[in-house]
Amino acid sequence: MRAFESKDYKVFELFAKDWAVVTAGTMEHCNQFTVSWGSFGTLWSRPGHAGHIITIYGYPTRYTTDFLKNNDYFTVGFFAPEYKKALAYIGSHSGREVDKIAQTGLTLIAMGEGVGYKEAKLTFVCKKLYQQQLQKEGMAQEIKDYYVANPNIYHLDEN
């Protein structure tokens, strides 16, 4: 059993309440975004692989999406509440335009095949198994209606 398998997580709070920073790339060239949509689960179990997964959701227009497409590994890091301001900054600024790490004062560290943060209270190093853009045609009507009425939260035209 790996160490993370024996821990007790509040999985319904980690993304929604604590948020997360998803980071892809290398120590020399990476980017990150803040996410509050994600899930933990099991998929494609097979000999030697328990099938533990983390699913993240990000806008296709985000700069970090390019890093996710071009790298096999990424990290999902969770932070203590005192880092909310830094996470809000990461989520509201583009790495195309600013150095988000310099602006937030977070410290990048190598973590296996990924890049994480010294300040994170919990980090998962993930290997990409599948990548697919959500399509609005597949969304339930009530979800579409909500986001059409609230375009400042999620623009359905971006997917």
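A salt bridge is taken here as a side-chain nitrogen of Lys or Arg within 4 Å of a carboxyl oxygen of Asp or Glu. The model is predicted, so local features need pLDDT of at least 70 and side-chain atom pairs count only at pLDDT 80 or more, while totals for chains, interfaces and linings use all residues. Residues are numbered from 1 along each chain as its sequence is written, and side-chain values use heavy atoms, with hydrogens and water left out.

**Exercise 1. Salt bridges and helix α1**

Find how many salt bridges the rule gives, and describe where their residues lie.

Step 1. The count comes to two salt bridges. In general, side chains of opposite charge can pair when their charged atoms come close.

Step 2. One of them joins the side chains of Glu-13 and Lys-17, with a distance of 4.0 Å from N to O. Glu-13 and Lys-17 are four residues apart in helix α1 and are therefore separated by about one helical turn; helices (H or I, at least four residues) and strands (E, at least two) are DSSP runs, numbered from the N terminus.

Step 3. To judge accessibility, buried means under 20% relative accessible area, exposed over 50%, and partly exposed in between, with a 1.4 Å probe and protein chains only. Glu-13 is partly exposed at 33%, and Lys-17 is exposed at 52%.

Step 4. Lys-121 forms a salt bridge with Asp-18, in which the closest N and O atoms are 3.2 Å apart. Because Lys-121 lies in the loop between β7 (114-117) and β8 and Asp-18 in helix α1, the pair ties together parts that are 103 residues apart in sequence. Asp-18 counts as buried, with a relative accessibility of 16%.

Step 5. The buried residues of α1 are Leu-14, Phe-15 and Asp-18. They cover an arc of only 115 degrees around the axis, which puts them on the same side of α1; this arc is that of the directions from the helix axis to the C-beta atoms. Phe-12, Ala-16 and Lys-17 are exposed on the other side of α1.

**Exercise 2. Positive phi angles**

Locate Trp-19 and Trp-44 and state their phi values.

Step 1. Trp-19, although not a glycine, has a positive phi of about 65 degrees, and it lies in the loop between α1 (11-18) and β1 (20-25). Its relative accessible area of 25% makes Trp-19 partly exposed.

Step 2. For Trp-44, phi is near 55 degrees, again a positive value in a residue other than glycine. Trp-44 belongs to the loop between β3 (38-42) and β4 (52-56) and is partly exposed at 45% relative accessibility.

**Exercise 3. The sheet and its helices**

Work out the order of the strands in the open sheet, and say which helices lie across β1 and β2.

Step 1. Four strands form the open sheet in the order β2-β1-β5-β8, with antiparallel pairing, where two strands pair if DSSP finds at least two bridges between them.

Step 2. β2 (30-35) and β8 (122-127) stand at the edges, each with a single partner strand, so one side of each is left without a neighbour in the sheet. Neighbouring strands are turned by 20 degrees against each other on average, direction ignored.

Step 3. β1 and β2 pair in the antiparallel sense over six bridges, and Val-22 stands opposite Phe-33 in β2.

Step 4. Helix α2 (residues 63-70) lies across β1, β2 and β5 (73-78) and runs at about 115 degrees to β2, whereas helix α3 (residues 84-92) lies across β1 and β2, at about 110 degrees to β2. Axes are lines fitted to C-alpha atoms, for helices over the stretch in contact (heavy atoms within 4.5 Å), and angles run from 0 to 180 degrees between N-to-C directions.

**Exercise 4. Cores and a buried tyrosine**

Identify the residues that touch the most other members of the largest nonpolar core, then describe the surroundings of Tyr-117.

Step 1. A nonpolar core is a set of buried Ala, Val, Leu, Ile, Met, Phe, Trp, Tyr and Cys residues joined through side-chain atoms within 4.5 Å. Of the 17 residues in the largest one, Phe-15, Val-22, Ile-56, Phe-74, Val-76 and Phe-78 touch the most other members.

Step 2. The elements that give two or more residues to this core are α1, β1, β2, β4, α2, β5 and β8. Apart from it lies another core, of nine residues, among them Leu-87, Ile-90, Leu-106 and Ala-120.

Step 3. Tyr-117 is found in strand β7 and is buried at 2% relative accessibility. Leaving aside neighbours within four places in sequence, Tyr-117 is in contact with residues including Val-21, Gln-32, Phe-79 and Ile-101. The C-alpha atoms of Tyr-117 and Phe-79, which are 38 residues apart along the chain, are separated by 9.3 Å.
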